[in-house]
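Student: I should like to examine how certain descriptive terms are justified for this structure. May we take them one at a time?

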Amino acid sequence: MAKHETKTIEQVLEEASRYLNEEHTTFLRLAYEYAKEAHKGQVRKSGEDYIVHPVQVASILVELEMDPATIASGFLHDVIEDTGITFDDLSEEFGEEVASLVEGVTKLGKIKYKSKEEQQAENHRKMFIAMAKDIRVILIKLADRLHNIRTLDHLPEHKQRRIANETLEIFAPLAHRLGISTIKWELEDISLRYLNPQQYYRIVNLMKQKRDERVYYIEKVIDEINDQLNDVNISAEISGRPKHIYSIYRKMVHQKKDFNEIYDLLAVRVIVKSIKECYAVLGIIHTCWKPMPGRFKDYIAMPKPNLYQSLHTTVIGPKGDPLEVQIRTQDMHEIAEYGIAAHWAYKEGKGANNQENMSKQLAWFREILEWQSETNDAEEFMESLKVDFFSDMVYVFTPNGDVMELPSGSVPLDFAYRIHTEVGNKTVGAKVNGKIEPLDYKLKTGDIIEILTSKHSYGPSEDWLKITQTSQAKNKIKQFFKKQRREENVERGREMIEKELKNMDLSPKEVLVDENIENALGRFHLNTLEDLYAAVGYQGITAQQAANRLAEKIIQKERAVDLEDSIKEVQQEVETRRKKSRGVGVNVKGIDNLMIRLSKCCNPVPGDEIIGFITKGRGVSVHREDCPNIQHEDDTRLIEVEWETGHQQRKNYSVDLEISGFDRNGLLNEILQVVNESNTDIVAVTGKSDKNKMATINLTILIHNVDHLRRIVERIKHISDVFTVQRTIQ
Ligand code: MN
């Protein structure tokens with residue numbers, strides 16, 4: 001991967017001046033000065049002045065040849081979030097366009113969320129909404145993410161992994177969706193380096209070994225094509241196509257192919273002046289070398305949804321091996337590399353063509369928002385987004401030959417609802433390629449779908465929610481139930497909520513008072529209790545979610561019992577249980593007779609810094625001082641505790657470890673062996689492996705003290721392909 005030099009402000013402005021006039025670069029300098037002043041005194045984790053980051057973000061936007069407002073916003077993108085500057089300040093200084101762009105990339109900082117995931121999902125949702133208004137928001141966001149991921153080295157490992165995962169799940173697919181391949185590839189390659197460093201470096205090394213041989217053949221092929229094109233007076237730019245580490249990796253994992261099978265495949269790209277020449281070149285290549293059947297694709301006549309255009313073919317090349325050829329014009333090439341940014345690229349007097357393409361590109365963002373307007377839950381929003389837009393796609397046809405793009409796994413019903421809600425609701429069957437197929441038939445690229453409808457249809461059945469794949473179809477089906485069966489749903493919802501409350505040992509009468517109802521309605525953005533029943537009835541909200549919200553205040557009150565009472569209670573219990581209790585090796589300072597237990601969440605062991613927490617009725621639970629579960633607890637309930645000395649070797653303490661590594665044969669066995677060899681008991685073990693072949697193994701082991709634990713962790717870390725070993729907290 002290319003090393004990226006840190007650019008100075010002068011370099012960035014110099015590069016911008018190649019396509020912007022002086023007035024613009026002056027404007028950019030002002031934006032820079034303003035941001036520099038605002039971030040004064042702030043430093044990045046690397047120790048650099050903070051302003052270095054916005055300058056690099058602006059520099060990436062200059063590489064994409066963006067307009068002045070976008071670049072200025074690149075300089076200013078963190079000022080609302082991280083300094084005292086407000087939207088109005090920016091608006092006054094640089095105009096509303098810049099202020100709105102910066103506002104669009106600003107995270108929702110002030111609101112409190114229950115969990116990190118919820119906050120993350122809300123931030124993403126906000127970003128998508130801002131994006132639908134102005135696509136440049138996402139270009140700034142992508143530039144921001146690109147620079148951040150280039151400089152991840154200074155963060156702790158768990159953050160690196162989180163950011164790399166999020167990048168692969170959201171930002172790389174987004175860049176792909178917008179056709180910005182250059183950014184997409186870099187995001188993917190760097191993410192892989194953090195998520196699976198061993199495989200990453202293995203591929204890099206294999207590529208290095210093969211480079212000379214490859215370059216030799218590519219040059220030979222390029223010479224041959226050039227000779228042929230010279231004969232017919234076509235001048236073309238021909239180059240070998242770089243292979244990206246992540247795409248090789250994906251093919252190795254998903255298609256179970258060997259590195260050599262993927263990397264030996266030669267690929268060249270031919271760039272010519274006109275569409276006519278594209279087809280001419282194709283003809284010539286097919287005469288020189290034998291085309292492989294089924295490999296020709298005409299993305300010029302039928303562009304991909306991200307507007308990518310090219311001719312693709314594979315022929316049997318001079319080495320007797322397959323040779324992939326892409327043929328396109330310079331314009332198409334720019335779109336292939338820079339996607340939507342190519343349309344935004346700053347040119348005086350932009351053509352109408354660009355505008356039209358832009359609005360095509362934006363159509364899917366608007367669709368997301370429209371389909372999602374029913375969804376109140378941000379996490380659900382992101383989940384369905386991942387399915388609808390970022391998963392693999394199939395391309396199917398209407399009987400009229402229109403192409404429709406659907407997430408893979410879609411069924412004819414998804415197709416029907418994509419055409420029209422009424423078509424979906426009245427569907428009674430489907431013909432695929434002229435043959436009747438069941439409604440849960442999984443669509444394949446190239447299928448021609450005809451939906452059979454009937455006026456007499458009773459509408460969707462409940463099963464449809466299970467077999468459909470797109471959130472659009474699911475939402476429409478839920479809407480149908482919501483409208484058609486409101487009364488039924490209200491009744492059912494009421495029963496479900498009341499049952500749930502009884503399960504929680506609460507009487508519905510006691511819970512269903514105005515205060516609690518209002519609390520729940522506010523949370524779900526609903527207006528009446530009947531709405532809430534109906535929502536539970538048609539399963540938009542689970543009965544458990546509803547009941548939890550309704551009972552929230554009651555449960556909080558119960559928790560807030562008087563401290564003295566609980567200590568008294570504890571002491572009484574202790575009297576009776578004391579003899580049975582074997583002791584855990586912890587003393588509470590100043591108080592005797594307390595029942596003490598080690599918390600199950602963080603499993604402290606002798607040597608850890610610890611603190612006691614006075615629970616209601618169950619004595620004192622001892623946590624590690626850094627345990628997140630006690631960080632927000634009431635101080636009056638925390639109590640100093642200490643390890644008893646001298647007992648440490650006698651007792652066993654259970655500890656949870658999480659080990660991550662590359663999922664190869666025998667990894668688990670080696671880990672278990674190392675633990676056994678150190679005479680440590682294993683209480684539980686679970687493991688899983690994700691799509692990146694990243695294995696996560698959870699072990700619960702019995703240890704004597706922190707030194708013992710440290711020794712085991714060290715030994716596990718020495719096993720090859722193990723990346724991290726962590727003590728986990730539940
Ligand atoms: Mn930033």
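Tutor: The following exchange concerns a predicted model and sets its values against the definitions.

Student: What makes H53, H77, D78 and D144 donors of the manganese ion?

Tutor: A donor atom must be within 2.8 Å of the metal. The NE2 atoms of H53 and H77 and the OD atoms of D78 and D144 coordinate the manganese ion at 2.2 to 2.4 Å, so they satisfy that limit. In sequence, the spacing of these donor residues is H-x23-H-D-x65-D. H77 belongs to the loop between helix 4 (68-76) and helix 5 (79-82), whereas D144 is in helix 9 (residues 136-150); the pair therefore ties together parts that are 67 residues apart in sequence. Both H77 and D144 are buried.

Student: Why is N603 called buried?

Tutor: Buried means under 20% relative accessible area, and N603 has 9%, so the term applies. N603 is placed in the loop between strand 12 (596-598) and strand 13 (610-614), and its phi is near 45°, a positive value in a residue other than glycine.

Student: Why is N433 called partly exposed?

Tutor: The class lies between the buried limit of 20% and the exposed limit of 50%; N433 has a relative accessible area of 45% and therefore falls within it. N433 also has a positive phi, near 50°, and lies in the loop between strand 8 (427-432) and strand 9 (435-437).

Student: What makes D227 eligible for a negative surface patch?

Tutor: Asp counts as negative, and a patch residue needs over 30% relative accessible area and no salt bridge. D227, in helix 12 (residues 197-231), has 49% and is thus partly exposed. The patch is formed by D227 together with E219, D223, E224 and D231.

Note on methods: Residues numbered from 1 in each chain as written. Predicted model: local features only at pLDDT ≥ 70, side-chain atom pairs only at ≥ 80, totals over all residues. Heavy atoms only, no water. Patch = residues over 30% accessible without salt bridge, like charges linked within 9 Å, V, L, I, M, F, W, Y side chains within 5 Å. Areas by Shrake-Rupley, 256 points an atom, 1.4 Å probe, with all protein chains shown as cover. Salt bridge = Lys/Arg side-chain N within 4 Å of Asp/Glu carboxyl O. Charge placed at Lys NZ, Arg CZ, Asp CG, Glu CD. Helix = DSSP H or I, 4+ residues; strand = E, 2+ residues; numbered from the N terminus. Buried < 20%, exposed > 50% of the residue type's maximum accessible area, 1.4 Å probe, protein only. Donors = N, O, S within 2.8 Å, 3.2 Å for Na, K, Ca; no water.
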